[in-house]
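Trainee: Could you take me through this structure, one question at a time, and show how each answer is reached?

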Amino acid sequence: MNLRKASAAILSTVVAASVIAGCSGVTPKSGPSTAGAATAPAGQKVDLEFWGWWSSATRMPTINKLIDQWNQKNPNIHVKYTFVPFDQIMTKYLASVAAGNPPAVVASPELFTVSRRAQKKQAMDLSALGADSLKDQYYPQLWNAAQFNGKAYALPWVGETKYLYYNKDMFKEVGLDPEKGPVSWDDLQKFADKLDKKEGGKYTRIGFHPLLGNFSYNGWVWNAGGQLFKDEQPTINTDKNAQVLDWIKQWTDRYGYQTYAAIKGNGSGGPQNPFMQGKVAMVAETATWEGELKKNAPNLKYGVVPVPTPDGKQHQNAAYSGGFAVEIPVGSKHPKEAFDFAKYWTTEAAVTWAQEQNDFPAYNKATETITTPEFKRMADNMKNTGLIPLPIYAPNDMDTVQASVDDVV
């Protein structure tokens, strides 16, 4: 397929989608107490309903502890946690706003789409409640993701960064220094030349493929210094973006699509992950994935380096972050008290959450109390991590883009 034509096709379909969408409406330590005790009207008890999507035996003890801690400190503002399934929480959140009966506070799994809910007047303007005074307490790229037209419509809660993981034993086996990972895209190819392994004409191990792991086409465009949208306008059909797509296709051609598809389809979660199974030597994954490795492949010796870039130089967008936020829906009956709880949940409570759940808080002062090597590594890599802006008026843009990328691959 002619890649320029493919890129142009992606552009035309996403523009169409944009028009359509535009017409449709460790031992835990106590963290620094930044939230303090909130104040309800004298003699009046306020009940707040807090929606989240956690219900597992792993998550709930921390959630219950943090909410109990809040309720004990704030006897006049009682918070009740309500579980809503992950795949339903956003739909139910927006439906509750439309119906005029939203919960007081919602944990949103989509920090990167806050602006969409702000534009549609579904999330409340938190600047009016004093959110701007908290700006310096969060990582700037995560804080900025919660903004719309210069105002905060959410408080960032959890973010992430990404690394390149590599198998040290495989590096030793082929004569590579196990303490030095690749830094550039050329390095990835040169290392893969040694790490690729065939038996009977078939690959039993591949060195690398950009789309194995947790790094998307959009992420590699970002890593290369490109972007798919700028100021709400599609910038998909550019030479740089087509070159990234060509680079991905070259990796597929290197191994053959059947090899790539077989490895990708063999399983990605738990101990069946291709990297854990020894089928892939290098993979780009989230920083918190270290916990999965230690749990499911405890004997695997791995190295961690920043995600390689085309020229080998790290920059703000070499990696990218997703993230969670805490929002107050429009129509929340007790916005001031809800905002006080949101401050608590994204600062003081976030430190405990990070210690016990191995997530990375947007609250930048967490580094003062969390000193594990893994956490320090995450914090250090935030300078190489951006958050990809998504267009407000094309909410399904990546579905269209990804379908076309799949066709090219």
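Mentor: Let us start with a strand contact: P156 stands opposite A325 in β15. Please keep in mind throughout that this is a predicted model.

Trainee: To which strand do 3 bridges join β6?

Mentor: The facing residues P156 and A325 belong to a ladder of 3 bridges in which the two strands run antiparallel. The partner that β6 meets through these bridges covers residues 324-327 and is strand β15.

Trainee: Which residue of β16 stands opposite V158?

Mentor: Strand β6 is also joined by 2 bridges to β16, a strand of residues 360-361, and this pairing is antiparallel. Within β16, the residue that stands opposite V158 is P361.

Trainee: How many residues of β6 are buried?

Mentor: Residues count as buried when their relative accessible area is under 20%. Strand β6 spans residues 155-159 and is mostly covered, and the number of its residues that are buried is 5 of 5.

Trainee: What is the angle between the planes of W54 and W157?

Mentor: The structure holds 37 aromatic pairs, and one of them joins W54 and W157 with their centres 5.2 Å apart. Planes over 60 degrees apart count as edge-to-face, and this pair falls in that class with an angle of 80 degrees.

Trainee: How many residues apart are W54 and W157 along the chain?

Mentor: W54 lies in the loop between β1 (46-52) and α2 (60-73), whereas W157 lies in strand β6. W54 has 4% relative accessibility and therefore counts as buried, and W157, at 0%, is buried as well. The pair thus links distant parts of the chain, with a separation of 103 residues.

Trainee: In which helix is the partner W353 of W157 found?

Mentor: W157 and W353 form a tilted pair, 5.2 Å centre to centre and with 50 degrees between the planes. W353 counts as buried because its relative accessibility is 1%. This pair, too, links distant parts of the chain, 196 residues apart, and W353 sits in residues 348-357, which form helix α13.

Trainee: Which residues do ring pairs link into a cluster?

Mentor: W157 pairs with W54 and also with W353, and these rings belong to a wider set linked by ring pairs. The cluster consists of F50, W53, W54, W70, Y81, F86, W157, F324, F341, Y344, W345 and W353.

Trainee: Turning to another sheet, which strands stand at the edges of the order β12-β7-β13?

Mentor: This open sheet has 3 strands with antiparallel pairing. Each edge strand has a single partner, so one side of each is left without a neighbour in the sheet, and these strands are β12 (282-286) and β13 (302-306).

Trainee: What is the bridge partner of Y165 in β13?

Mentor: Strand β7, residues 162-167, runs antiparallel to β13 and is joined to it by 5 bridges. Across this pairing, the bridge partner of Y165 is V304.

Trainee: Which helices each supply at least two residues of the lining of the largest cavity?

Mentor: The largest cavity holds about 60 Å³ of space, and its lining divides into 8 nonpolar, 2 polar and 1 charged residues. Among the lining residues are N218, W222, D397 and M398. The helices that each supply at least two lining residues are α8 (217-223) and α15 (397-408).

Definitions and conventions. Residues numbered from 1 in each chain as written. Predicted model: local features only at pLDDT ≥ 70, side-chain atom pairs only at ≥ 80, totals over all residues. Heavy atoms only, no water. Pairing = 2+ DSSP bridges. Helix = DSSP H or I, 4+ residues; strand = E, 2+ residues; numbered from the N terminus. 1 Å grid on protein atoms, 1.4 Å probe; cavity = no way out; pocket = protein on both sides within 12 Å on 5 of 7 lines; lining within 4 Å. Points joined across faces, edges and corners; volume = space filled by probe spheres on them. Nonpolar A, V, L, I, M, F, W, Y, C, P; charged D, E, K, R; others polar. Buried < 20%, exposed > 50% of the residue type's maximum accessible area, 1.4 Å probe, protein only. Phe/Tyr/Trp six-rings, centres within 6.5 Å; stacked < 30°, edge-to-face > 60°.
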